[in-house]
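Grab a pencil and work through these exercises with the structure open beside you. Try each task yourself before you read the solution.

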Amino acid sequence: QFPRQCATVEALISGECCPDLSPLSDPGSDRCGSSSGRGQCMPVIADSRPHGPQYMHDGRDDREQWPLRFFNQTCRCNGNFSGFNCGSCQPGWTGAACDQQIHIVRRNLLDLSAEEKNRFINALHQAKSTIHPDIVIATRRHEEIFGPDGSTPQFENVSIYNYFVWSHYYSVRKTFLGPGQQSFGGVDFSHEGPAFLTWHRYHLLQLERDMQEMLQDPTFALPYWNFATGGNTCDICTDDLMGARSNFDTSLISQNSLFSQWRVLCENLEDYDTLGTICNSTEGGPIRRNPAGNVARPMVQRLPEPGDVALCLEVGLFDTPPFYSNSTDSFRNTVEGYSDPSGKYDPAVRSLHNLAHLFLNGTGGQTHLSPNDPIFVLLHTFTDAVFDEWLRRHNADISIYPLENAPIGHNRQYNMVPFWPPIPNDQMFVAAPESLGYSYQVQWPARAFHITEIITIAIVTALILVAIIFVGTTCIVHSRKNKDELHQPLLTDQYQHYSDDYDTMPTPSQSVV
Ligand SMILES: O=C1C=c2cc(C(=O)O)[nH]c2=CC1=O
């Protein structure tokens with residue numbers, strides 16, 4: 001959310017969050033690395049275009065026009081410089097002067113060598129316990145941000161991985177409307193709208209970059225889980241990867257996996273919603289996971305089919321009005337999983353991304369908790385790979401992304417909540433290999449045919465065959481006849497004469513009596 005340097009009474013009151021790049025300089029003399037030309041402190045640009053009708057509590061939520069409720073000045077970095085103080089580089093660039101291009105490849109987790117798998121699991125485990133070097137999280141709404149005494153800003157340190165969990169929770173939390181009043185749940189800054197894909201793309205990029213810095217390895221790349229296997233087993237739920245099922249409790253992770261030691265953040269949903277508090281960095285119970293185990297909902301006991309991915313890639317429009325979870329013929333709503341894989345909206349359907357979440361049946365299937373299960377990272381890198389493939393196949397341009405009237409948080413120029421420094425959705429609506437320095441190594445499945453298409457193709461094929469047989473038979477008959485005629489030219493001639501005569505002569509039976 002915010003840089004540690006900005007979690008102070010002074011910064012909050014001034015509305016300025018422009019930390020010095022060099023900690024050794026006189027305070028305020030190197031804001032945003034201005035002394036070396038990296039950036040300057042500038043007013044925040046926040047989207048003020050109208051949002052859709054789903055949210056009707058304007059003025060009541062800190063996330064509106066993010067991040068203006070907290071800060072109105074931020075660092076604007078020059079060239080390839082980036083970050084809260086312009087001390088880091090744009091995605092795809094590295095080096096002290098951010099002038100070296102870098103490209104990383106996100107690969108299928110199952111294709112990594114044993115050593116690469118091990119390195120990835122250990123890196124995640126390290127991120128779970130390493131305090132984020134730059135960012136702190138708010139544990140109270142803006143109204144209560146200065147604490148009970150009015151001078152103790154309510155922020156906490158958080159680990160790198162738990163920041164990833166917390167950001168997702170903060171983006172989906174309900175709007176608190178006051179004590180004794182029901183919180184409003186019809187709001188979601190990262191799902192059920194066009195920003196679903198851009199928001200989750202940035203969420204992953206931020207974790208990947210934080211892990212690269214933690215590991216001091218700019219080539220570290222997140223892998224992906226191709227969840228579209230069509231099966232009823234979780235092929236990455238093994239002890240060398242995301243953890244097998246516990247032998248003692250079917251909804252827990254085996255003790256042979258490091259992930260059985262992980263404890264989850266943001267469990268106390270009822271407290272947050274009734275007291276108006278915010279999830280903090282305190283961890284609770286273990287990760288719960290019971291793949292294919294939801295007996296009450298057989299529909300979510302199987303993963304999406306490979307052909308579902310191929311079908312959704314053919315949906316031609318990025319998003320369609322009302323740009324929500326009931327949009328039909330929308331690629332975004334299809335890959336998110338509220339439409340059937342061919343794009344038709346059906347309230348009973350759960351497909352692709354949503355189906356993969358619900359299949360996990362536990363922590364990973366509940367939106368306020370799901371990133372606590374590290375499978376979330378891999379499920380979303382695959383979803384992002386589908387998004388990138390769609391952008392490539394359809395040669396997509398930003399003009400197809402709605403500028404206004406999308407649900408709150410989802411307009412093209414809305415800054416994604418709760419990221420810092422502010423970054424609007426449109427900056428993630430780009431081809432990753434060319435603009436963000438990463439690509440995916442994926443074998444895209446062939447298109448699966450729908451039953452109605454199979455019947456249509458069978459009927460058309462049968463009609464063509466009948467036509468060919470008919471034309472063929474007619475030709476054979478004609479050519480036989482022609483051949484016969486060619487073989488008896490004189491006879492035919494004679495016969496013709498005779499027959500001509502014959503026609504005019506009475507037959508023996510017609511003989512005049
Ligand atoms: O974590 C998530 C869990 C989800 C469950 C559904 C659903 O369709 O019911 N959708 C989800 C999205 C998530 O991000």
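## Exercise 1: Around the ligand

A polar side-chain atom of N354 sits 2.9 Å from a nitrogen atom of the ligand. Keep in mind that you're looking at a predicted model.

**Task.** Which residues are around the ligand, and how do they divide by class?

**Solution.**

Step 1. List the neighbours. The residues around the ligand are H191, R350, H353, N354, H357, L358, G365, Q366, T367 and S370.

Step 2. Sort them by class. The shell has 1 nonpolar, 8 polar and 1 charged residues.

**Task.** How far is an oxygen atom of the ligand from an N or O atom in the side chain of H191, and what is that distance for R350? Then find how much of the ligand's accessible area the protein covers.

**Solution.**

Step 1. Start with H191. An N or O atom in its side chain is 3.1 Å from an oxygen atom of the ligand.

Step 2. Move on to R350. Here an N or O atom of the side chain and an oxygen atom of the ligand are 2.6 Å apart.

Step 3. Check the cover. On its own the ligand has 330 Å² of accessible area, and the protein covers 90% of that.

Step 4. Look at the space itself. The ligand takes up the second largest pocket.

## Exercise 2: A mixed sheet

**Task.** In what order do the 3 strands of the open sheet with mixed pairing come, and why is one side of β2 and of β3 left without a neighbour?

**Solution.**

Step 1. Write down the order. It is β2-β4-β3, in an open sheet with mixed pairing.

Step 2. Find the edges. β2 (16-17) and β3 (39-43) each have a single partner strand, so one side of each has no neighbour in the sheet.

Step 3. Recall the general rule. Strands of a sheet pair through backbone hydrogen bonds, and the pairing is either parallel or antiparallel.

Step 4. Take the β3 side. β3 and β4 (residues 73-77) run antiparallel and are joined by 5 bridges. Among the facing residues, C41 stands opposite C75 in β4, and Q40 stands opposite R76 in β4.

Step 5. Take the β2 side. β2 and β4 pair in the parallel sense, over 2 bridges. C17 stands opposite T74 in β4.

Step 6. Put the two together. β4 pairs with β2 in the parallel sense and runs antiparallel to β3, and the pairing of the sheet is mixed.

## Exercise 3: An antiparallel sheet

**Task.** Which strands are at the edges of the open sheet β1-β10-β11, and which residues face each other in it?

**Solution.**

Step 1. Set the scene. This open sheet has 3 strands, and its pairing is antiparallel.

Step 2. Pick out the edges. They are β1 (2-3) and β11 (155-156), each of which pairs on one side only.

Step 3. Follow β1 to β10. These strands run antiparallel, and 2 bridges join β1 to β10 (residues 135-138). P3 stands opposite I135, while the bridge partner of F2 is V136.

Step 4. Follow β10 to β11. They pair in the antiparallel sense over 2 bridges. In β11, E156 is the residue opposite I137.

## Exercise 4: Backbone oddities in the loops

**Task.** What kind of peptide bond joins W66 and P67, and what kind joins V417 and P418? Say where P67 and P418 lie.

**Solution.**

Step 1. Read omega for W66 and P67. It is about 0°, and the bond is cis. P67 has its place in the loop between β3 and β4, so to speak right back in Exercise 2.Step 2. Read omega for V417 and P418. It is about 5°, and this bond is cis too. P418 lies in the loop between α9 (375-393) and α10 (432-435).

**Task.** Is phi positive or negative in E192 and in C266, and in which loops do you find them?

**Solution.**

Step 1. Check E192. Its phi is near 60°, a positive value in a residue other than glycine. E192 is in the loop between α3 (160-172) and α4 (195-215).

Step 2. Check C266. Its phi is also positive, about 70°, although C266 is not a glycine. You'll find C266 in the loop between β12 (263-265) and α5 (269-275).

Definitions and conventions:
Residues are numbered from 1 along each chain as its sequence is written. This is a predicted model: local features need pLDDT of at least 70, side-chain atom pairs count only at pLDDT 80 or more; totals for chains, interfaces and linings use all residues. Side-chain values use heavy atoms; hydrogens and water are left out. A residue is near a molecule or strand if one of its heavy atoms lies within 4 Å of it. A polar contact is a pair of N or O atoms within 3.5 Å; within protein, one must be able to donate a hydrogen and the other to accept it, and residues adjacent in sequence count only if both atoms are side-chain atoms. Accessible areas come from the Shrake-Rupley method with a 1.4 Å probe; for residues, only the protein chains shown count as cover. On a 1 Å grid over the protein atoms alone, a cavity is a set of points where a 1.4 Å probe fits but cannot get out, and a pocket is an open set with protein on both sides within 12 Å along at least five of seven lines; lining residues have an atom within 4 Å of a point. A molecule sits in a cavity or pocket if more than half of its atoms lie within 2 Å of its grid points. Ala, Val, Leu, Ile, Met, Phe, Trp, Tyr, Cys and Pro count as nonpolar, Asp, Glu, Lys and Arg as charged, and the others, Gly among them, as polar. Two strands pair if DSSP finds at least two bridges between them. Helices (H or I, at least four residues) and strands (E, at least two) are DSSP runs, numbered from the N terminus.
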